[in-house]
Amino acid sequence: MLPSSSTELVSSYALIPPSISSLFGKNQVSSSEDEQCVHDILRECKSELGGVTDELCRARAEVERIEGRLGQIKGVISELEGLLHPIRRMPTDVMAKIFEQSVCDSESQGHSGIDVKQAPLSLSQVCRSWRKLAFALPCLWKRFEIAFPASSTSRNWYRLMQSQIMFIRLWISRSQSAPVSLFLSLCDYVITSPSLVLLDLEVMRAGPRIRELSLQFPTPSLCRLLSFTQGPLESLEYLNLQTTDTLQSSGSIPPLVLPSAPSLMKLNISSFELDMRRYQVPWVQLTELSLQCRFNTFHSQGNSDYLPILVQCPNLRTCSLGFGRVIGDIISDTVTPVTLPHLSTLKVLIYITTPYLKLFFDALHLPKLRSAKINYVEFPLAANFNETDCLRMLSRAAETVESVSLYHVDVPDFELSSCLSQLPHLKSLRFHPNLPGLHHDLVAMLTVPSSVTRHGDRTLRQRTMCPSLESLDVRCSIDVPVDAIVAMVDSRRQFEPQLRSFSLGLVVPTFERDRGDEMIRMLESRLSSHVDEGLELTIES
């Protein structure tokens, strides 16, 4: 039902003479007789408008009052339900486990330690009791990770640096006596001396309790953050020292001396210059070692001979090495063979090819090697080089090798075939040659003869190249016939164990894009039945 004022308005509108209402929506002029009537009706409508406006204001005020009351009731209900929530009665030890898992989840997702929206800081902002519990659990504060802000000359930047360094002290203090992990990094800006002194002092104070330490700084800054090495490092298990210079500088990390690091198991050092002749490190106890001498165009000569270091590391399980310098004054007769009896994973990154590489691979004996990754970086000094010494190293470890990755390694087909034929337990192969080596015959090599797939004779199976292969990732030219690729996949899918994953990278010249696209469509169509049966197939150009 309409309000009375609205009814009266409707009634007033209904009593408007037709001579006036007929002019609505038109541009005609009313007569002198109707003009006085228009004034009277207009005055009455404006009066009614004021009454309706007042009534609407009262109605809105009433709605706001009711909505306010509704909000209060909902608030009380929420508080009452909160009083009955089981989490209020959760045992402290259970809450502690939940807090600890929250921190682990944040770390696994790569969140920074000082993110207020992530644990543990987010947990301490919920309520007083949660904050008290969070501050009482040292395990929540055992890991601190921070990337210092980008370079700036403003005073605000210096204050920000000092505040973050003070925050490190606060964070470490909350860990109480628990071992801590510090991951500190700065990309390409040299920190001012006062800030460096403060940061170096905080790291040195925490030294006896540091379990993991990662320092990634420009060379001048990193050299001034090594005071911690002078003190006891009873808890240190992992150490990462990495220079982040964007320009190749002439500086280098001073010789690393760790007189007291009885628990050190993992060491990673990366720099443009890496001369380890004066290093004093407990090599014998290391299980993981990464030494990366990056490519330096300013200083092509250096001493990064890794063999004297490796011979002191009999307990290595994982090793990663980077060759970025020409090593001179090494005579083959002076090279001592190195045997690493427990090494299972080897990663080699080669920036520059030198005669030293042959000596290195020939001297290396890895009787328990399971995974090898050899990567020639695409620098002019590392390209177009037929490197077969790494294959001979793999052949010596043939009985245990299960995974091989060769990036930008160009070798003749007969050398590749000779190596692969000696790897009976190889399960995963990744072969990405440079442009000169794209016309290889690997697809034909890995095709299982029909006599083997049909009869399954054990003797024939043993003669099959890579009989245990389950994953293949290969890069080749589009000149490799589609029929040959399909035949290889068909034969491997009929063989036991079956090929489970196949990735093919086709290198297509710009002027043959259409041909490359057509080849991909044909392969996907002809291999679709294997995909339906579980083959993981990836074809890219």
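Which helix is Ala363 found in? Ala363 belongs to helix α10, which covers residues 355-363. Keep in mind, as you look through these views, that the model is predicted.

**Figure 1. Ala363 and its surroundings in helix α10.** Ala363 is buried because its relative accessible area is 7%, and buried means under 20%. Leaving aside neighbours within four places in sequence, you can find Ala363 in contact with Leu307, Val335, Thr336, Pro337 and Val338. Look for Met393 too: 30 residues separate Ala363 and Met393 in sequence, and their C-alpha atoms are 8.7 Å apart in space.

**Figure 2. Strand β13 with its two partners, β11 and β14.** Let us start with strand β11, residues 345-350, which pairs with strand β13, residues 371-376. The pairing is in the parallel sense and runs over 6 bridges. To follow one of these bridges, begin at Leu346 and go to Ala372 in β13, its bridge partner. Strand β13 also pairs with strand β14, residues 403-407, in the parallel sense over 5 bridges. Here you can pick out Lys373, which stands opposite Ser405 in β14. A handy idea for any strand you meet is that, in a regular one, the side chains alternate between the two faces of the sheet.

**Figure 3. Leu349 in strand β11.** Is Leu349 buried or partly exposed? Leu349 counts as partly exposed because its relative accessibility is 22%, and the buried class stops under 20%. Leaving aside neighbours within four places in sequence, Leu349 is in contact with Gln292, Leu321, Gly322, Phe323, Asn375 and Val377. Leu349 and Ile374 are 25 residues apart in sequence, while the distance in space from C-alpha to C-alpha is 6.3 Å.

**Figure 4. Ser290 in strand β6.** Strand β6 covers residues 288-293, and Ser290 has its place there. Ser290 counts as buried because its relative accessibility is 14%. Not counting residues up to four places away in sequence, Ser290 touches Leu267, Asn268, Ile269 and Ser320.

**Figure 5. The largest pocket and its lining.** This pocket has a volume of about 250 Å³. Which residues line the largest pocket? They are Ile87, Arg88, Met90, Thr92, Met95, Val126, Cys127, Ser129, Trp130 and Leu133. Two or more lining residues come from each of the elements α4 (92-108) and α5 (128-135). With 3 residues, α5 gives the most to the lining. If you wonder how empty space is found at all, rolling a probe the size of a water molecule over the atoms shows where such space is left.

**Figure 6. Two cysteines, Cys223 and Cys466.** How many disulfides does the structure hold? The structure holds 0 disulfides. Cys466 is in no disulfide, and the nearest cysteine sulfur, that of Cys419, is 8.4 Å away. As a reminder, a disulfide is a covalent bond between the sulfur atoms of two cysteines. Cys466 is buried, with a relative accessible area of 1%, whereas Cys223 is partly exposed at 29%.

**Figure 7. The whole protein, with its 18 helices and 18 strands.** Stepping back from the close-ups, buried residues make up 42% of the 541 residues. Among contacts between residues at least 6 apart in sequence, 75% join residues at least 24 apart. The protein exposes about 28,700 Å², and carbon and sulfur atoms supply 54% of that area.

Terms used
Residues are numbered from 1 along each chain as its sequence is written. This is a predicted model: local features need pLDDT of at least 70, side-chain atom pairs count only at pLDDT 80 or more; totals for chains, interfaces and linings use all residues. Side-chain values use heavy atoms; hydrogens and water are left out. A disulfide is a pair of cysteine sulfur atoms within 2.5 Å. Buried means under 20% relative accessible area, exposed over 50%, partly exposed in between (1.4 Å probe, protein chains only). Two strands pair if DSSP finds at least two bridges between them. Helices (H or I, at least four residues) and strands (E, at least two) are DSSP runs, numbered from the N terminus. Contact means heavy atoms within 4.5 Å. Accessible areas come from the Shrake-Rupley method with a 1.4 Å probe; for residues, only the protein chains shown count as cover. On a 1 Å grid over the protein atoms alone, a cavity is a set of points where a 1.4 Å probe fits but cannot get out, and a pocket is an open set with protein on both sides within 12 Å along at least five of seven lines; lining residues have an atom within 4 Å of a point. Grid points are joined across faces, edges and corners, and a volume is the space filled by probe spheres set on the points.
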